[in-house]
Structures are given as structure tokens and as C-alpha cells.
Amino acid sequence: MKSSSRSVHEERRWSAELPTTQSDLCMSLTVWRKSLVMSCNGFTVINSDGNVVYRVETYIGQRPKELVLMDGAGKSILTMRRNKNLRFLDTWFIYGGEIGAHCISTKRSEEQPIFYVKKCINILHNNPNVLAYVYRGRSADEKYVYMIEGSYSHRSCKVVNEAKKVVAEIKRKDAIIGGVSFGVEVFMLIVEAGFDPGLAMALVLLLDQMFS
């Protein structure tokens, strides 16, 4: 999975739905809503082999304006930045790699976002199950490419494409160890064949910001 993820991000095509030769099987990831760094909040994502494949670290007590999704080795894969326009509450841009003044490459900071994620306001929408829409680029001028529906607080969400096909899913981890349930702090992220697991995890991070 690591080599597949690297090749996808290095090509920087960001079609999100990958050729099946690069992701032939459904992927099951365990998401732990905890950073491995003591002084940080964040997420740790483990694959079926027990390896850390993604991690996120944010300082405790901060409402972050930017989130960076890293691989297990700490290399930045995706950056999510909150929209500065106050008229668009809970809307985020997703960029490839790392951006901003702290980034060594000045060219990287000039990149355009690859996706734009907008929280759905249920009182303005006919379908109360819709949580957010994902658009390509930096605005919602065109039709969405992905829709997220369900309940994040119950860890029961689906990401569907324009054809209403499920490409990723968040599920409760049902197993009980020693009579204690995992609760909502540990859950599963199921990524269907052909969908970028990095983008799937980025959407989890944004749902956590929007609904936690």
C-alpha cells in the first residue's frame, strides 16, 4: 500500500479514483483519534498489517486553520486549509503535499487546491443525511464530485461519487475487548478499490472539524 500511495501522490494527478491496477482490493484502515505525540491532538491510522500509514498532529487547545495529513514516516501528503472568507463557514480547501510559509518550496505555496469541501447546512437542504459536498478545484460553481452522508458523531458515514457509488465508508469498530467497547475514538475507514485512501482520510479529518 505504501508504494501505491507514493506513486499516486508523486504523479500528482489527483483524480481521486485510481486505476484498479494500483488499488485492486478494498482497504480496511483502523483510525485512532489520538496522536502518538504527547503534546498534540490528532489521528493515527493503522493498516491491516499493524503499520502506521497516516498521522495527523495538532497542538492541544487550538482550533486549527490548517491540517496536514502525513504518511507513517512523517512526509506531508495533503494539506487542508480553512476558507478565510467568513461567509463560508466550515469550508475547506485540500492541497497536494505541504503548503504555506513554512514550506521550503515557494512554488508549492502557489498551487491551486485540488478539492473544495463544503459543509451542508441541513435547514437549507432537502436531505438531512447529507453532511458535506466535495467539489473539484476551489469553488462550488460546478456539480459536486463526491457527497458525504450519514452521521459522523455515530461514526456511520458514506462517501459516494456522482453515480451514487460508495467509494469510502466510516464504520464503528464493533469488536469488544475485555467487555469495553471501542466507542467513537477508534473506528474503521473502509476504502473501496480504486479510491485514494489519502483523500478518504482527509475527508475524515474535515468531518471531525465540522461535526465534533
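In this predicted model, aspartate 196 has a relative accessibility of 1%; since buried means under 20%, the residue counts as buried. Its place in the chain is the loop that links strand S14 to helix H3. From there, aspartate 196 caps the N-terminal end of H3, with a side-chain oxygen 3.1 Å from the backbone nitrogen of glycine 198. Aspartate 196 can also be located relative to alanine 168: the two are 28 residues apart along the chain, and 9.2 Å separates their C-alpha atoms.

The helix that follows, H3, covers residues 197–211. From first C-alpha to last, its 15 residues reach 21 Å, close to the 21 Å expected at 1.5 Å a residue. Burial is a feature of H3 as well, for 14 of its 15 residues are buried and the helix is mostly covered.

On the other side of the loop, attention turns to the strands. S14 (residues 186–191) runs antiparallel to S11, and five bridges join the two. Within this pairing, arginine 172 has phenylalanine 187 in S14 as its bridge partner.

S11 (residues 166–172) is also joined to S10 (residues 156–161), here by four bridges and again in an antiparallel arrangement. Cysteine 157 stands opposite isoleucine 170 of S11. S10 and S11 form a hairpin with four residues between the strands, and in this hairpin lysine 164 adopts a positive phi near 70°. S11 thus pairs with S10 through four bridges and with S14 through five, while the loop after S14 carries aspartate 196 and leads on to H3.

Technical notes: Residues numbered from 1 in each chain as written. Predicted model: local features only at pLDDT ≥ 70, side-chain atom pairs only at ≥ 80, totals over all residues. Heavy atoms only, no water. Pairing = 2+ DSSP bridges. Expected span 1.5 Å × (residues − 1). Buried < 20%, exposed > 50% of the residue type's maximum accessible area, 1.4 Å probe, protein only. Polar contact = N/O pair within 3.5 Å; in protein donor to acceptor, adjacent residues only side chain to side chain.
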